[in-house]
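Reader: I'd like to go through this one label by label. Could you show me the model and tell me what sits behind the words?

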Amino acid sequence: MLHSFQACSRSCSVPKLNTNKLSQFLDILWKMVRGKVQMKRIEDATSRQVTFSKRRNGIMKKAYELSVLCDAEVAVIIFSQKGRLYEFSSSSSMQKAIGRYRENTKEALKNNNSIEVEHHMEHLKEETANIAKKIEILEVSKRKLMGQGIGSCSMNELQEIDNQLERNLKNIRARKTQLFKDEIERLKAKEKQLLEENERLSEECGLRRQPEAPPPPLTRISQQKETASCSHSVQNTEVETDLFIGLPDICWS
């Protein structure tokens with residue numbers, strides 16, 4: 001009976017627990033109980049300061065573990081809300097880590113710039129080739145419009161050139177007519193302005209006069225009447241100029 005109990009106790013012994021797996025299980029359970037943290041600013045100042053201290057310590061711890069486990073050079077710089085500096089560097093000094101970072105960024109920037117320059121040069125070469133092709137096409141079209149190099153043109157091409165010349169000529173004539181109309185309107189406006197200016201100056205200088213009507217023409221009868229009236233007036237105006245010497249005749253009664 002005793003032997004059977006010992007055998008049963010050996011078969012039913014409690015296995016040893018793995019502490020790492022237990023801690024991971026507890027962390028997962030705690031996260032499930034606590035819930036998901038919302039990524040937004042903590043309004044309460046005390047809670048914000050506590051969270052900052054905890055997260056800062058966690059980051060510093062993770063940086064140290066990363067540098068030790070992976071033999072990596074790690075540097076962490078943190079500024080608090082009040083401007084206080086917190087730093088961690090796995091190397092001898094933070095300045096050494098910053099200098100190495102600057103050297104790497106300069107090399108990366110040079111590489112990026114060289115790659116960008118190469119892409120830009122390729123793009124410029126493609127644009128230059130396209131522009132050269134367009135210029136060649138325009139030169140050929142210009143020569144055809146001037147009547148040069150049309151020996152190899154088909155009937156459809158010649159008809160298209162003819163239609164294009166007609167459209168161009170129509171546009172030129174329309175533009176020419178519009179310019180003539182604009183010039184005429186400008187001259188009319190200038191003439192009106194000069195007339196108004198002349199009238200204004202005439203009124204200011206008092207030179208503006210009403211035109212006098214010419215006298216009516218004399219008829220034959222009116223001429224005879226005018227001659228008779230003139231002769232009668234001459235007779236009435238004659239003065240007796242005889243000289244009498246001696247006493248005047250006196251009648252004595």
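Reader: Where is the place of Ser67?

Author: Ser67 sits in helix H3. Keep in mind that this is a predicted model.

Reader: Why is Ser67 called buried?

Author: Its relative accessible area is 10%. Buried means under 20%, so Ser67 gets the label.

Reader: Which residues does Ser67 touch, not counting those up to four places away in sequence?

Author: Ala72, Val74, Phe88 and Ser90. Seen from the other side, Val74 has contacts including Ala63, Leu66, Ser67 and Phe88.

Reader: And what makes the side chain of Ser67 and the backbone oxygen of Tyr64 a polar contact?

Author: A polar atom of the Ser67 side chain lies 2.7 Å from that Tyr64 oxygen. The cut-off is 3.5 Å, so the distance fits.

Reader: Which residues make up the largest nonpolar core?

Author: Seven of them: Met60, Ala63, Val74, Val76, Ile78, Tyr86 and Phe88. Helix H3 (45–70), S1 and strand S2 (85–89) each put in at least two residues.

Reader: Ile77 is in which strand, and why is Ile77 called partly exposed?

Author: Ile77 is in strand S1, residues 75–79. Its relative accessibility is 46%; partly exposed runs between the 20% and 50% limits, so the label fits Ile77. Together with Phe79 and Leu85, Ile77 forms a nonpolar surface patch of about 310 Å² accessible area.

Reader: What makes Arg100 and Glu73 a salt bridge?

Author: Their closest N and O atoms are 2.2 Å apart. The limit is 4 Å, so the pair counts. The two link distant parts of the chain, with Arg100 in helix H4 (residues 94–145) and Glu73 in the loop between H3 and S1, 27 residues apart.

Reader: Are those two partners buried or partly exposed?

Author: Arg100 is at 48% relative accessibility and Glu73 is at 34%. Partly exposed lies between 20% and 50%, so that is the label for Arg100 and for Glu73.

Reader: How do you know that Glu43 is exposed?

Author: Glu43 has 63% relative accessibility, and exposed means over 50%, so Glu43 qualifies. Glu43 also forms a salt bridge with Arg41, at 3.5 Å between the closest N and O atoms.

Reader: How many salt bridges are found in the whole structure?

Author: Six. One of the others I'd look at is Glu183 with Arg186, at 2.4 Å; both lie in helix H5 (residues 155–205), three residues apart, about one turn of the helix.

Methods. Residues numbered from 1 in each chain as written. Predicted model: local features only at pLDDT ≥ 70, side-chain atom pairs only at ≥ 80, totals over all residues. Heavy atoms only, no water. Patch = residues over 30% accessible without salt bridge, like charges linked within 9 Å, V, L, I, M, F, W, Y side chains within 5 Å. Areas by Shrake-Rupley, 256 points an atom, 1.4 Å probe, with all protein chains shown as cover. Salt bridge = Lys/Arg side-chain N within 4 Å of Asp/Glu carboxyl O. Helix = DSSP H or I, 4+ residues; strand = E, 2+ residues; numbered from the N terminus. Buried < 20%, exposed > 50% of the residue type's maximum accessible area, 1.4 Å probe, protein only. Core = buried A, V, L, I, M, F, W, Y, C linked by side-chain atoms within 4.5 Å. Contact = heavy atoms within 4.5 Å. Polar contact = N/O pair within 3.5 Å; in protein donor to acceptor, adjacent residues only side chain to side chain.
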